[in-house]
Amino acid sequence: MSNVIELKNVIKEFKVLNRHEGLKGSIKDLFSRDYKTVRAVDGISMTIEQGEIVGYLGPNGAGKSTTIKMMTGVLEPTSGGITVGGVVPCRSRTKLAQEIGVVFGQRSQLWWALPLIESFRLLKDIYQIPDAEYDEMLRFYQSLVDIEPLLHKPVRQMSLGQRTLSDILAAFLHNPKIVFLDEPTIGLDVSMKAKIRTLIHALNQEKHTTVILTTHDMGDVDALCRRIVIIDKGKMLYDNDIEHLKGFFGSYRTLKIRPEEALSQAAEAIAKELPDFRVSADEEWISILVDEEKQKVLDVLGQLQHTHVIRDMQLEEISTEEVIKKIYEEGVQ
Amino acid sequence: MKLKKYLTFTRAGIIEALQFRLSTVVMVIGNLLYLIVTYFLWKAIFASVNNEPIGGMTFYDTLIYLVLATALNGFMEMYTVWEMGRSIQSGKIVLDLLRPMEYRKYLFWSYSGGFVVQFLTTFLPTFIVVTAVTQGAVPLGLNLVWFMISVVMAVSINYSIDFLVGTVCLYTESIWGINIMKQVVILLLSGATVPLAFFPEPLKTVVQYLPFQSIYNAPLTLLLNKNPEPLAILTTLGTQLLWVIVMLLLGKLFWRVSLRQITVNGG
């Protein structure tokens, strides 16, 4: 297996003007040379092989986008080495563009006023895709999703879901080695999310495309990625299989209960009773993340039965979402 | 094959422009209003000098010149600066930079389709009407060829200036003021609103050496001059060519330096 992406101890610093408050401060800022250096990415190293789907996770402002921009060559790292597809991105950005595809969730790279098929034709000429390959790709797309009705619809008239779908198809059109997907399922409904996940999975399988996926939706991660990389505050927290990660938290179980009383009140009360564990409530359940090394789940349940009337309960393995949440909050020991 | 990569934008641009029929209509109406104002303004100006020619131009010369200048302006104005400003502010520029071609070319060719449509729907009809109505005021001969060559170079210079100003947006992030300034300077110094013949002598000399007059004054002079000297034609086209090259290089250089700044320091 060959590595398509290699990052070695990559650091990216930005200079930011120290802003002052108030009118006086704002005027002062006009002449200020008072910069501070912010380290957005701090010593990240990783290698990604051809054909992998890697989930690139982290809370907002963790440095995900900055890393992606460096990998695509739009930003230059302050120090450290990056090679993508065998070239240094920021030095051969235009050349690299031929080898990569990008989808940035909220923004479309399609031509707003044109029917989708015209956007595809444009991309075909821009990326100089041979006729045979182009036709084959469209046939392949057709076998995955019903694109025929989309092709003749102007992009501006599409729903968000249709547009995202089209954008993903457009990013894969020139059969790139690597595709960067930045929050592709943001704002979509459940069935569209499922459709898009299936699509990405199929494209990855068929074309052996490397996919770097940033998302906040753990459903995406569970459905697509075997490997995840987690960063926070520019530092790498985790880089390994999802399964391995769950192993770290093997002793954790999620206990879900439905008490007689109103959920939010009960949740507050339970949180006070069990200060060691995290308690959260949604519309149906109160979830308690129990560490069995501290206290057995059944003991917790028994304890709660004294104070609350419990109508229903469920026991679950820790979900990826919980794992990620714990890592964001506490890190990996 | 290489050219096809770019001409495909022209094709898409034409389709795109034709989708917005109404905007073309509105633009024609807008230009018409502008022309009516121009007509009365210059009528008043000439009335104040008892319809004597000013700077060698009669009322009708002036009017023909200005009508054609407006038509030319209609298809030369490309809103490049706005587009760049918007992409930079919204961050869309990242996507544009990831096209497998230079941003400068990408943007230019994206507009080229609009050019073709604008040329056919505004300039050409205006030109035909003016020629028909004035009967003989517009010479129809070799000058049309010089004019076309000149217009192509004018488009290039105009785009380069726009691109230069748009690049400034990478630093300022706001473009409104700078763009208004650019528009005023170009409209005035290029001879788009006031023929250069009306300028006082020292200013005229200065303006002759600036790139702006190559945008409107040069092609229109070539078009309307009834008995041009070969040397004058050559000088005009030569000056334009020089500016095409200079502005192209300047734009390219400034963009490269600025982009480096951006890739180093982030947007």
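Let's start with a simple check on helix H8 (residues 176-189) of chain B: its 14 residues, at 1.5 Å a residue, should span 20 Å, and since the C-alpha atoms at its ends are 20 Å apart, expectation and model agree. Keep in mind as you look around that this is a predicted model.

Which residues of H8(B) are buried? They are B:Asn179, B:Ile186 and B:Leu189. Seen down the helix axis, these buried residues fall within an arc of 120°, so they line one face of H8(B). What do they pack against? Their partners are three helices of chain B: helix H4 (80-90), helix H7 (143-172) and helix H9 (201-209). Turn to the other side of H8(B) and you will find exposed residues instead, namely B:Trp176, B:Gly177, B:Ile180, B:Met181 and B:Val184. Follow the chain just past the end of H8(B) and you come to B:Gly191, which takes a positive phi of about 85°.

From here, let's move to the place where the two chains meet. In chain B, 21 residues are in contact with 25 residues of chain A. Helix H1 (2-19), helix H5 (93-97) and helix H11 (230-265) of chain B are the elements that each give two or more residues to the side of chain B that touches chain A. H1(B) gives the most, with 7 residues. Sorted by class, that side of chain B has 10 nonpolar, 5 polar and 6 charged residues.

Now cross over to chain A, which has 13 helices and 13 strands. Its C-alpha trace spans about 70 × 60 × 45 Å along the principal axes. Chain A has 333 residues, and 37% of them count as buried. As for its contacts with a separation of 6 or more, 72% are between residues 24 or more positions apart.

To finish, zoom in on a single residue of chain A, A:Tyr252, which lies in strand S10 (residues 252-259). Is A:Tyr252 buried or exposed? It counts as buried, because 21 C-beta neighbours sit inside 10 Å and the cut-off for burial is 20 or more. Setting aside neighbours within four places in sequence, A:Tyr252 is in contact with A:Leu289, A:Val290, A:Asp291 and A:Ile318. For a sense of scale, try A:Asp135 as a second point: A:Tyr252 and A:Asp135 are 117 residues apart along the chain, and their C-alpha atoms are separated by 50 Å.

Technical notes. Residues numbered from 1 in each chain as written. Chains lettered and ligands numbered in written order. Predicted model: local features only at pLDDT ≥ 70, side-chain atom pairs only at ≥ 80, totals over all residues. Contact = placed C-beta atoms within 7 Å. Helix = DSSP H or I, 4+ residues; strand = E, 2+ residues; numbered from the N terminus. Nonpolar A, V, L, I, M, F, W, Y, C, P; charged D, E, K, R; others polar. Expected span 1.5 Å × (residues − 1). Buried ≥ 20, exposed ≤ 12 C-beta atoms within 10 Å, placed from the backbone. Arc of directions from axis to C-beta.
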